[in-house]
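Colleague: Before we discuss this model, could you put the sequence and the coordinates side by side, and then take my questions one at a time?

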Amino acid sequence: MKLKPLGDRVVVKQLEAEETTKSGIILTGSSKEKPQEAEVVAVGPGGIVDGKEVKIEVNIGDKVIYSKYSGTDVKLGKDEYIIIKQSDILAVVE
């Protein structure tokens, strides 16, 4: 089964949380904060959304930073994804 987003939606897969801090402290499961960085795995077609034309500006494979409390969590098999609006993407990491 595949996810095909509609309109201005983007499907992202969250990157793994850091296991250790920069100073070398090992973090336990409850101490790790979910990163706001993810990889784009699917993009919608864009088009007219809420009366305005939306052009999709991200591509599959891009690493992006998105708003902290945005999106809908979806689980397909063992994989977990987040479906967000393109407007919730803050930056593309190069």
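**Salt bridges, sheet and contacts**

Modeller: I begin with D8, which counts as buried because its relative accessibility is 8%, and I add that this is a predicted model.

Colleague: With which residue does D8 form a salt bridge?

Modeller: The closest N and O atoms of the pair are 3.2 Å apart, which lies within the 4 Å cut-off for a salt bridge. The partner is partly exposed, with a relative accessible area of 33%, whereas D8 is buried at 8%. The residue that forms the salt bridge with D8 is R9.

Colleague: How many salt bridges does the structure hold, and how many residues apart in sequence are K13 and D79?

Modeller: The structure holds two salt bridges, and one of them is formed by K13 with D79, where the closest N and O atoms are 3.3 Å apart. K13 lies in strand 1 and D79 in strand 7, so the pair ties together parts of the chain that are distant in sequence by 66 residues.

Colleague: Are K13 and D79 buried, partly exposed or exposed?

Modeller: Buried means under 20% relative accessible area and exposed means over 50%. K13 has a relative accessible area of 31%, and D79 has a relative accessibility of 34%. Because these values fall between the two limits, K13 counts as partly exposed, and D79 likewise counts as partly exposed.

Colleague: What is the order of the strands in the open sheet?

Modeller: The protein chain has zero helices and eight strands, and six strands make up an open sheet with antiparallel pairing. Strand 6 (72–76) and strand 8 stand at the edges, each with a single partner strand, so one side of each is left without a neighbour in the sheet. Neighbouring strands of this sheet are turned by 40° against each other on average, direction ignored. The order is 6-7-1-2-5-8.

Colleague: Which residue in strand 2 stands opposite K13?

Modeller: Strand 1 (residues 9–14) pairs with strand 2 (residues 37–43) in the antiparallel sense, over five bridges. K13, which also forms the salt bridge with D79, has an opposite residue in strand 2, namely E39.

Colleague: Which residue in the turn between strand 6 and strand 7 has a positive phi?

Modeller: Strand 6 and strand 7 (residues 79–85) run antiparallel and are joined by five bridges, and L76 has D79 as its bridge partner in strand 7. The two strands form a hairpin with two residues between them, and a positive phi of about 65° is found in the turn at G77.

Colleague: Is Q86 buried or exposed, and which residues does Q86 touch?

Modeller: Q86 has its place in the loop between strand 7 and strand 8, and because its relative accessible area is 13% it counts as buried. When residues up to four places away in sequence are not counted, the residues that Q86 touches are D8, V10, V54, K55, I56, E57 and V58.

Colleague: How far apart in space are D88 and Y66, C-alpha to C-alpha?

Modeller: D88 also has its place in the loop between strand 7 and strand 8, and at 22% relative accessibility D88 counts as partly exposed. Not counting residues up to four places away in sequence, D88 touches I65, Y66, S67 and S70. D88 and Y66 are 22 residues apart in sequence, and their C-alpha separation is 5.7 Å.

Colleague: What distance separates the C-alpha atoms of E37 and I89?

Modeller: E37 is placed in strand 2 and is partly exposed, with a relative accessible area of 27%. Its contacts, not counting residues up to four places away in sequence, include Q14, Y66 and V93. E37 and I89 are 52 residues apart along the chain, and their C-alpha atoms are separated by 9.8 Å.

Colleague: Which residues make the nonpolar surface patch?

Modeller: V93 lies in strand 8 (residues 89–93) and is partly exposed, with a relative accessible area of 34%. The nonpolar surface patch covers about 240 Å², and the residues that make it are I65, L90 and V93.

Colleague: What percentage of the residues in the protein chain is buried?

Modeller: The accessible surface of the protein chain comes to about 7000 Å², of which 51% belongs to carbon and sulfur atoms. Of the 94 residues in the protein chain, the buried share is 26%.

Methods: Residues numbered from 1 in each chain as written. Predicted model: local features only at pLDDT ≥ 70, side-chain atom pairs only at ≥ 80, totals over all residues. Heavy atoms only, no water. Patch = residues over 30% accessible without salt bridge, like charges linked within 9 Å, V, L, I, M, F, W, Y side chains within 5 Å. Areas by Shrake-Rupley, 256 points an atom, 1.4 Å probe, with all protein chains shown as cover. Salt bridge = Lys/Arg side-chain N within 4 Å of Asp/Glu carboxyl O. Helix = DSSP H or I, 4+ residues; strand = E, 2+ residues; numbered from the N terminus. Buried < 20%, exposed > 50% of the residue type's maximum accessible area, 1.4 Å probe, protein only. Pairing = 2+ DSSP bridges. Axes fitted to C-alpha atoms, helices over the stretch in contact; angles between N-to-C directions. Contact = heavy atoms within 4.5 Å.
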